[in-house]
Amino acid sequence: MRLNLKEIIRVPGGSIPFEFQLDLSQLDFYGQTPVTQPVHVRGRVRNAADALLLEGEAATTLSLSCDRCLKPFTKEQTISLDTLLAAELENEESDDIVLLDGETLDLDELVREALVLSMDTKHLCSENCKGLCSGCGVDLNREACRCKPDVDPRLASLAKLLEDMN
């Protein structure tokens, strides 16, 4: 969505609200497409003493796979969209200010970038997820490991003897 800010660029106190849905289902994030639901975006741009301020939020539900147990799960994601806007920059090194394209703002690109930057690099179905056993592959959240403990080679004969007795 392109937002035309011509009406408020030179009008202190002016405000333009916005609300729309954004489809980011094709967004590739480390080989996955986690944004399966539309992103609901709402907010406003206001002119506060000749400074354009964008205030809003974007919310969606992410479909993810746990990095420990591989179980699919969903997670609500809401991000804040608070930034300064400018038609041109005096200092080229400012990452906090978003440049306008003439008198318009590309909200789709702004939301896409904010969503990607806010996403975790590690996705867990729960904080206490135990994951999969690296030996037998069992889901440790559901059942105990089936691996036999490693026997000290010095005690291998004794372990064999105990095993034969059972």
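## No disulfides, one open sheet, one shared core

Search this whole structure for disulfides and you come up with zero. The model is a predicted one, and its main features are an open sheet of five strands and a largest nonpolar core of 34 residues. Here's the rundown by topic.

**Cysteines**

- A disulfide is a covalent bond between the sulfur atoms of two cysteines.
- The cut-off used here for that pair of sulfur atoms is within 2.5 Å.
- For C66, the closest cysteine sulfur belongs to C125 and sits 3.7 Å away, so it's too far for a bond.
- C66 itself counts as buried because its relative accessible area is 1%.
- C147 has its closest cysteine sulfur in C145, at 3.5 Å, which is again too far for a bond.
- With a relative accessible area of 36%, C147 comes out as partly exposed.

**The sheet**

- The strand order is β2-β3-β4-β5-β6, and the pairing is mixed.
- At the edges you'll find β2 (15-22) and β6 (97-99), each of which pairs on one side only.
- On average, neighbouring strands of this sheet are turned by 30° against each other, direction ignored.
- Strands of a sheet pair through backbone hydrogen bonds, either parallel or antiparallel.
- β5 (residues 72-86) and β6 go for the parallel sense, with three bridges between them.
- If you want a specific spot to look at, A86 has L99 in β6 as its bridge partner.

**Helix α1 on the sheet**

- α1 lies across β2, β3 (39-48), β4 (51-65), β5 and β6.
- Relative to β5, α1 runs at about 125°.

**The nonpolar core**

- Within the core of 34 residues, the ones with the most contacts are L5, V39, V45 and L54.
- β2, β3, β4, β5 and α1 are the elements that give two or more residues to this core.
- β4 gives the most, with five residues.
- Setting aside neighbours within four places in sequence, L5 is in contact with I16, V45, L52, L85, L100, E103 and L105.

**K148 and the loop**

- K148 is found in the loop between α1 (107-118) and α2 (156-165).
- K148 counts as exposed because its relative accessibility is 70%, and the cut-off for that label is over 50%.
- From K148 to P17 it's 131 residues in sequence and 63 Å in space, going C-alpha to C-alpha.

Conventions: Residues numbered from 1 in each chain as written. Predicted model: local features only at pLDDT ≥ 70, side-chain atom pairs only at ≥ 80, totals over all residues. Heavy atoms only, no water. Helix = DSSP H or I, 4+ residues; strand = E, 2+ residues; numbered from the N terminus. Buried < 20%, exposed > 50% of the residue type's maximum accessible area, 1.4 Å probe, protein only. Pairing = 2+ DSSP bridges. Axes fitted to C-alpha atoms, helices over the stretch in contact; angles between N-to-C directions. Contact = heavy atoms within 4.5 Å. Core = buried A, V, L, I, M, F, W, Y, C linked by side-chain atoms within 4.5 Å.
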